[in-house]
Amino acid sequence: MTTSNPDHDHSKHITVSSSIASQTVDAIENISGVHSGYRRAHAKGICCQAVFRPSGLAAPFTSAPHLQEQEVNAIARFSGSSTDPLVADFMSPAKGMAVQFMLPGGDVTNLVGATIPVFFARTPESFLDMIRAVHRAQEGTLGPLDLLQEITSHFSESKESLLAVKKLMPPSSYAECQYYCIHVYFFNDREGNSYPVKFEWIPATGVHTLSIIEAAQQPDDYLEEELNQRLKFEPIVFHLHAIFGEKGDPTDDPTTAWPEDRRRIDLGQLYISDIIKEPVDLLMDPTIITEGMALSNDPILNFRHTTYAVSHDRRHQER
Ligand code: HEM
């Protein structure tokens with residue numbers, strides 16, 4: 001699908017009130033407590049140095065500088081989805097991979113992926129409702145039946161995501177997961193055409209998982225230890241795919257997958273070489289894009305801008 005749309009300007013995102021973002025971070029903290037100095041989600045993580053080598057195949061569709069011919073440096077952060085930085089790797093089912101590309105001229109752009117293809121909430125309001133319902137259930141003010149009713153009132157939008165989480169098996173390595181960036185972005189070409197795209201990171205080694213029994217026998221930090229070992233011998237490689245939407249494919253709904261047969265192109269390869277100390281102030285905001293790209297109207301994508309800033313400010317002040 002190609003659209004000619006001057007509104008797909010990369011500098012715009014929908015403004016989200018910082019009050020709902022703060023309420024959301026408060027609600028997450030109410031469930032899991034405050035872990036001072038840590039991200040309010042995906043608290044446990046490990047950063048790596050990387051280089052992205054573009055294939056050049058994206059050039060007809062976008063002028064994004066990191067997707068042309070020139071390689072760029074990058075930082076990858078692998079994480080577990082838990083809000084608790086001390087939780088064992090085995091206990092947090094979904095994993096994350098956030099990548100920050102260093103653009104020529106000093107700007108950055110981010111892509112943030114997770115091991116589930118769709119999200120469970122379509123809007124910030126329903127996300128907040130669900131988190132608050134879980135908290136009330138924890139406190140005992142919402143009985144199991146009320147909780148069920150609260151969840152089922154959102155269930156139709158959460159269904160695909162809950163099924164995906166149910167199917168998740170523990171990964172053998174952060175390097176052997178497929179990561180989905182979930183939201184739709186737009187590529188803008190030099191003639192003013194726009195193309196809706198989703199991004200996925202595909203591991204060069206293929207996807208490999210452990211059985212539940214194998215995973216339960218692993219040390220708490222087995223994924224970090226495995227990464228450490230692996231990088232002593234060889235770099236970790238991921239292919240970045242763009243999947244092109246067609247007419248009728250939703251561009252504003254993170255709870256729905258597109259049909260499997262959509263056109264894909266391989267945008268290039270990420271070579272991850274070394275584990276590094278997390279740079280001070282690293283913020284993997286998925287709405288920080290670049291020329292040649294635009295954000296979709298997905299309310300969750302736009303909401304993440306303000307929510308991540310709230311989490312970043314809190315953890316930064318606690319250091
Ligand atoms: C309502 C929607 C969401 C909320 C409220 C939310 C909340 C958060 C917060 C507060 C952080 C910590 C930010 C920081 O301190 O830097 C975070 C990080 C993260 N989130 Fe989300 N998130 C949402 C949706 C998603 C989705 C759809 C994905 C899947 C792609 C995702 C994947 C991640 C990952 C991988 C990180 C770690 C980033 C890093 O390594 O720096 N989140 N999220």
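**Entry 1: helix α1**

I looked up which residues of α1 are buried in this predicted model. I noted I20, A21, T24, V25, A27, I28 and E29. I then recalled that an α-helix has 3.6 residues a turn, so residues three or four places apart point the same way. Next I asked what covers the buried residues of α1, and I found that α2 and α7 are included in the cover.

I checked the length of α1 as well. Its 15 residues, at 1.5 Å a residue, should span 21 Å, because the expected span takes one less than the number of residues. The end C-alpha atoms are 21 Å apart, so the two values agree. I looked at what follows α1 and found G33, which has a positive phi near 80°.

**Entry 2: helix α2**

I ran the same check on α2, residues 124–139. For its 16 residues I expected a span of 22 Å at 1.5 Å a residue, and the end C-alpha atoms lie 23 Å apart, which agrees.

For burial in α2, I listed P124, S126, F127, L128, M130, I131, A133 and H135. I then asked which helices these buried residues pack against. I found α1 (18–32), α3 (144–153), α4 (155–167) and α7 (299–318). Just after α2, I noted G140 with a positive phi of about 85°.

**Entry 3: strand β7 and its partners**

I looked up where the side chains of β7 (residues 185–188) point. Y185 and F187 point one way, F186 and N188 point the other way, and all are buried.

I then went through the pairing of β7. With β8 (residues 193–203), I found four bridges and an antiparallel run. Within this pairing, Y185 has V197 of β8 as its bridge partner. I also looked at the hairpin of β7 and β8, where four residues lie between the strands and G192 takes a positive phi near 90°.

With β11 (residues 293–295), I found that β7 pairs over three bridges, also in the antiparallel sense. Here F187 stands opposite M293 of β11.

**Entry 4: the iron**

How many donors does the protein give to the iron atom of the ligand? I found a single one, the OH of Y308, 2.0 Å away. I then looked up where Y308 lies, and it is in helix α7. I had already met α7 twice: in the cover of the buried residues of α1, and among the helices that the buried residues of α2 pack against.

How values were computed:
Residues numbered from 1 in each chain as written. Predicted model: local features only at pLDDT ≥ 70, side-chain atom pairs only at ≥ 80, totals over all residues. Heavy atoms only, no water. Helix = DSSP H or I, 4+ residues; strand = E, 2+ residues; numbered from the N terminus. Buried < 20%, exposed > 50% of the residue type's maximum accessible area, 1.4 Å probe, protein only. Contact = heavy atoms within 4.5 Å. Pairing = 2+ DSSP bridges. Donors = N, O, S within 2.8 Å, 3.2 Å for Na, K, Ca; no water.
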